[in-house]
Every structure is written in structure tokens, then in C-alpha cells.
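Visitor: I'd like to poke at the labels on this one. Can you walk me through what backs them up?

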Amino acid sequence: MHITAQKIKEAAEALECTELKSFMFQEPTAGPLTRRRRSSRSTGRSRRSTRGTRRSTRRSTRGTRRSTRRSTRGTRRSTRRSTRRSTRGTRRSTRGTRRSTRRSRRSTRRSTRRSRRSTRRSRRSTRRSTRRSRRSTRRSRRSTRRSRRSTRRS
């Protein structure tokens, strides 16, 4: 259902409201084209008050900007410090682990060297002992042969 001018006219006639009729059938007019000028005294006061409000708003905005800058700087600094501390801690821990791994490697190398040396020595000693035993057996065999020969001759 569309509201049209005809329906409005009919409703106004039904109400028989003279004010509404007169309002409805008026031609639309623009408002006052010229603004009324105030007296010079009142305008001076209003200008001053507006200047004061502008200044106060500027000051408040400056203050808020400064406070926000300070807070952001503080948060940045604190985050930098915390990250530095955390990185230092991780560096220290990694250094410690590196050192411990180096030490363990050195100790394992030394122990393997020592074990190799000991195995070499034991091998040498076994070789020497086997050589000596062979020599002694050879000598004893020779001596037995000589003694047998001498007994045969005689």
C-alpha cells in the first residue's frame, strides 16, 4: 500500500483538521536565506570561547599523543630487554651444551686412545712372550738334539 498525495488529502478531509489542511497544502519554502547577525559583544565572547576550547582540545590531544608515545616506547624497550635477556639465556645454555659436548668428545677420544695404546701394548707383550717361548723351545730342542748326538757318538 503506497501513500499518495490523494490518500493524504482524503485523510485530511476526513479528519476535518484545518491546521493539517493548511499545512498540507502549503508550498514548500526554503528557510531564511540570510543569517541573523549577532551583536559585536556576543560574537567576541563566542570567538574567545571557541578559541579557548580549541586550545584546550589541542593541548589534550597533544598530551594524549605524548602519553601514547611514551607508553609505546616503554613497551618497546621492555620487549627489547626481555628478548635480549631470553637470547642471552639461550646463548649461554647453547654455549654450555657445546662446551659439555666438546669435553665429552675429548674425554671419549682420550679414553679410546688410551684403550688403543693398551691394546697395542698387550699385543706387543703377547708377541714378545710368544717369541721368547718359541726361542726357548727351539733352544731346548737344539740342546736335546745335541745331547742325543753326543750320546749316539759315545
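**Labels and their cut-offs**

Guide: Sure, starting with the surface: the protein chain exposes about 16,100 Å², and carbon and sulfur atoms supply 45% of that. Areas like this come from the Shrake-Rupley method with a 1.4 Å probe. Bear in mind that this is a predicted model, where local features need pLDDT of at least 70, side-chain atom pairs count only at pLDDT 80 or more, and totals for chains, interfaces and linings use all residues. Residues are numbered from 1 along each chain as its sequence is written, and side-chain values use heavy atoms, leaving out hydrogens and water.

Visitor: Where is the confidence lowest, and where is it highest?

Guide: pLDDT is the predictor's confidence in each residue, from 0 to 100. Helix α2 (residues 18–24) has the lowest mean, 61, and helix α3 (residues 40–153) the highest, 84. For the protein chain the mean is 80, with 78% of residues at 70 or more.

Visitor: What makes those stretches helices?

Guide: They're DSSP runs of H or I, at least four residues long, numbered from the N terminus; strands are E runs of at least two. The protein chain has three helices and zero strands.

Visitor: Why is Thr79 called partly exposed?

Guide: Buried means under 20% relative accessible area, exposed means over 50%, and partly exposed is in between (1.4 Å probe, protein chains only). Thr79 has 44%, so partly exposed it is. Thr79 is found in helix α3.
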